[in-house]
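The following report considers confidence, one chain contact, one helix and one loop residue in turn.

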Amino acid sequence: MVAPHNVFVNPDPVPNGNQAEGVIHAVIEKPIANKPSFTDRFADRGFKWLITLSALSVLAIVALFVYELVINSQLSLKQFGWHFFFGSDWDPVSGEFGALPFIFGTLVSSFLALLLAVPLSIGAAIFITEMAPGWVKTPVSFLMELLAAIPSVIYGLWAIFVLAPILREYVEPFLAKYLGWTGLFGGPAYGIGMLAAGVILAIMIVPIVASIARDVMSAIPQVQREGVLALGATRWEMIRVGVLRNARTGIIGAVILGLGRALGETMAVTMVIGNRPEIAKSLFAPGYTMASVIANEFSEASDNLYLSAIIEVGLALFLVTLIVNALAQAMIWMTTRGMPARANG
Amino acid sequence: MGVGIEVRNLKAWYGSSEALHSVNMSIAANQATALIGPSGCGKSTFVRCLNRMHETIPGTKVDGTVMIGQTDIYANGTPAVEVRRRVGMVFQKPNPFPTMSIYDNVAAGLKLNGFRNRHRLDEIVERSLKQAALWEEVKDHLKKKSGASLSGGQQQRLCIARALAVEPEVLLMDEPASALDPISTGKIEELIDELKVNYTIVIVTHNMQQAARVAGFTGFFLLGTMVEFDKTEKIFTNPSDKRTEDYITGRFG
Amino acid sequence: MASNAIAPRILEPISWTRKLSNNLLTLFAVGSSILVIVPLFAIFAYLVMKGVGSINWAFLTQAPKPVGETGGGMGNAIVGIPLGIGAGIYLAEYGRNWLGNTVRFTADVLNGIPSIVVGISVYGLVVLTQKHFSAVAGGVALGIMMIPTVSRATEEMLLLVPRTIREAAWGLGVSQWRATLSVTLKTASAGVITGVMLAFARAAGETAPLLFTAFGNQFWSFNINQPTAALPIQIFAYAISPFDEWHKQAWAGALVLILLIVAAVTAVRVVTSRGMMKGAS
C-alpha cells in the first residue's frame, strides 16, 4: 500500500485559455509518511513466502507420510500382493502374514460402535437443538466437548477396570440368555473382547457425531421449521420434516466422520479387545484391529518382512480413513456450505 | 366456508416487554382484512397470535381471548396443533420445502395429518394448485421438480397452495408479497380477491396501496395498540383518528 | 379463475398415534442426552475415587510430566505452533484459491490420520534417521498432529477480524506483513491462543504416536535426544501390568492428566465465550 499523498486542489480557475470546469491540479506535495522502504518491501515478500511455505509444509508432511508408508511396506507388498488382505493367517514365526483378522476386527468393532452411537448421538443432537431450553444448551454442549477431549488411554483404563467387569458380570450373561440364539453371543464371557471394544468406541465417537449433527441442524433456517408447524404438525413431525429431512446429508456426514474416527482408534481398543488375531462369530470373543496390531507388534517386529507387513497394515489403515474422512467432509460441507457453525452452547 | 374471528383483550409479550396492549377486534368471515402500520407496531405479532405461532418463540406469553368461529383457541383443552391446521399461514419469505417435489410440498400438510389415499391426494393437490393459480405452470412437473426450483412468485403461490390443501377456515398472510416483484405481487393480489370468497383472510402489509386494493376492512396498528379498525374505504378517505390520518398521509412511517 | 366449491371437511382432530410418537420422541431425545453424558461422570467419578488416594507430593514429583520433558514440550512447540499458525495465516489472508483449498483439504486429511499411523510414519522419518528414539521424535509427531487444529483456529479467528480493521491498518500506510502480524493477528490473538491450548491439551493425552518415537523412559531425562517418559504411555503401561500397586498409579496419573485437560478445555470455553474480539476493543 502506498502512503497517502496530499492532493491539493487549486481553487482559482485558470484566467485565460482553459475556461474549463473541473480542471483540478493535483499537486503532489511532500508525502506525510515515507514511501515504504526497501526493507519493508523485502520483508513483505519474505513474509508472504514464509507463510506460503508453512501452508505448503502441510502438503509436504502428508506426502512424506505416504512416501514412508509405501516405501517401507514394499517387501510385504511384493511378497504377498493382494493375498495380504484375504489371508487369515498372521504367523510371524513362519513368515505368513494375512491381514484379514485385523480388517475384520476393525470393521466389526467400528460398525458395532456406529450401531450403538448413531441413535444416541442424533437423539442428543435433537434434544440440544430443538428441545432444550437455553440454560441447558450450554452445559450439555460443554460436557460433550469434555467427553471429546478425554484421551483414548483414559477411556481404555476405564474400560479395563469398569466396563469389562460390568459386561462380564451383567450384560454378557443377559445377552447370552435372551439373545444367544442369534449365535452372536456365545462362548465364555470374559468381558474383554469385541463387544467391549465396540461399546467403548461407541462412547468415544458419540461426542463427535452429536456435535456435528448439532451444528448441521442448527444451520437449518427457522422459517423451515415454522412452515411445517403452521400446517398443523406436532413437534416430532416438525423435527422430522423441517429439520432432519433438510439436514439429512450433513447428518450422514457426521456419522461417516464418526466411522472414520472409530476405524483409526488405537489405545482404548487395544486395551480391551483381547488382541487375538482370530475371526469369530461371537461378539464375546477376543479380536484384533489394524490399529492394535500396529501398536502391539511394531516394536517387536524382529525381521524386515514382519516390519514391512505391519507397515502395510498401516498403509491400508491410512487409505481407508482417508477415503472415509474425505467423503464425510464433503457431505458436511454440502449442508453447512463450508461454514462450520461454531455453536457456542 | 370461512369463519369470523373475535379478538378480546389480546395481550402478548416477548419476555418482559409487552408487544400487544389489549387488542379488540372483530374480523368478518369471507372477507380480506388488512393490517397496516409502521415497522414494529405489532401487526405481525398479532397475526401470529391468531394461529398460536407466537408461543413457539421461547420466553413469550399471550393473554386474552381469540375466538375462531365457535372455538376459543387459547382454551385449555384446545391443542395448538389443531388450531394451526384450521388457521393456515403464508410467510413473508416463501419457504417451500427444498427436499420435496412440488406435489409433495402441497401434500405435506395432508400427509402429516395421516391422509394416505393416493387418489384423493392427487385430487386435492390439483385443486389447491388451481386455487393458488399455479396449476397450469407446474402441472407437467409435479413430481420431478423440487419446490425450491421455482421462481420467487411461484414459490409463494406454492406455499399458498400448501396452506390451502389442509382446508383451513382462515388464511393468515404475513406480508406475502414483500419479497416479490411487482408482477408476482399483482398475481398474489388477484389470488386474494378470489380466495376471500371461500376463506377469511387476514393480510399484514406495510404497503398501504395494497391494503386499499385487496381488503374490505383495514386495521391500523401503532406501538402495539390497534388504533382504528373500519371499512378500508373509510380508513383511507376519512379516518377517525388523527394518528391514522398522519400515517396514511405519510407524516411518519 | 373460478374457485371450486370447498369439499366437506376431510380431516379429523389429531390422532392418538401422532400424540404417542411425539411423546416417544421427546423421551428418546432426553434419554439419549442423559445416556451420552453419563460416561463422563462415571469416568470422572472412578478416576477421583481410585486415583485421589495415590496422589501425593511424592507421586507428583516422581511421575513423568505429560508429554515428557522440556524436550518433548519444545518439540511440540517448535513444530506445531509456527507451522500451524503460518498455515492458518496463509489460508485466511491468501487462501481463496485452488492452492488454499488443497491445503485446507490436506490439513483435514492430516487431522483424520490415525495417531498410530502418524507414529510409524514419524518413526520412519526421524527415528530411523537418528538411529534411536528420542523426545525430539516424539515432539515432532505430536507437533505434526497439532498443526491442523492450530491452523483451523488461526484461520477462523483471522477471518472473524472485520475488514475495517485491516483497512485501517492499510490506510495508515503500514506494510502488509506488519499489518497482518501486529494488527490482524493481535486482534485475533485470544482465539489463536486458545486454539493452541486446545491442540496442546489434545497432544498431551496422545499415546500412540509416542510409542515408537519417544518410546518411554522410567526415569526423568533432560536429554532431548534420548527416549523420554510421557504420562499417557506410563498410564498405558501400568494399566496393562499385572500389579495392583501399578494400577493405582495408573488411576492417579489418569486423574492428573484429565484435570489438566479439563482445565485447558474450560479455559478455552471461557475465553471464546467472552468474545475473542477482546483484542479489538
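## Confidence and contacts in the model

In chain A, pLDDT (the predictor's confidence in each residue, from 0 to 100) stays under 50 over residues 338–345, for which the model has 16 contacts beyond four places in sequence, a contact being two residues whose C-beta atoms, placed from the backbone, lie within 7 Å. This is a predicted model, in which local features need pLDDT of at least 70 and side-chain atom pairs count only at pLDDT 80 or more, while totals for chains, interfaces and linings use all residues. Residues are numbered from 1 along each chain as its sequence is written, and chains are lettered from A and ligands numbered from 1 in the order in which they are written. The mean pLDDT of chain A is 82, with 86% of its residues at 70 or more.

| Stretch of chain A | pLDDT | Contacts in the model |
|---|---|---|
| residues 1–32 | below 50 | 22 contacts, beyond near neighbours in sequence |
| residues 338–345 | under 50 | 16 contacts, beyond four places in sequence |

Where pLDDT is low, the predicted coordinates should not be read in detail.

Between chains C and A, 71 residues of chain C are in contact with 72 residues of chain A. On the chain C side, helix 1 (residues 16–51) gives the largest share, 17 residues.

Lys93(B) lies in the loop between strand 6 (87–90) and helix 3 (102–112) of chain B, where helices (H or I, at least four residues) and strands (E, at least two) are DSSP runs, numbered from the N terminus. Not counting residues up to four places away in sequence, Lys93(B) touches Val223(A) and Ala179(B). The C-alpha atoms of Lys93(B) and Cys159(B), 66 residues apart along the chain, are separated by 9.9 Å.
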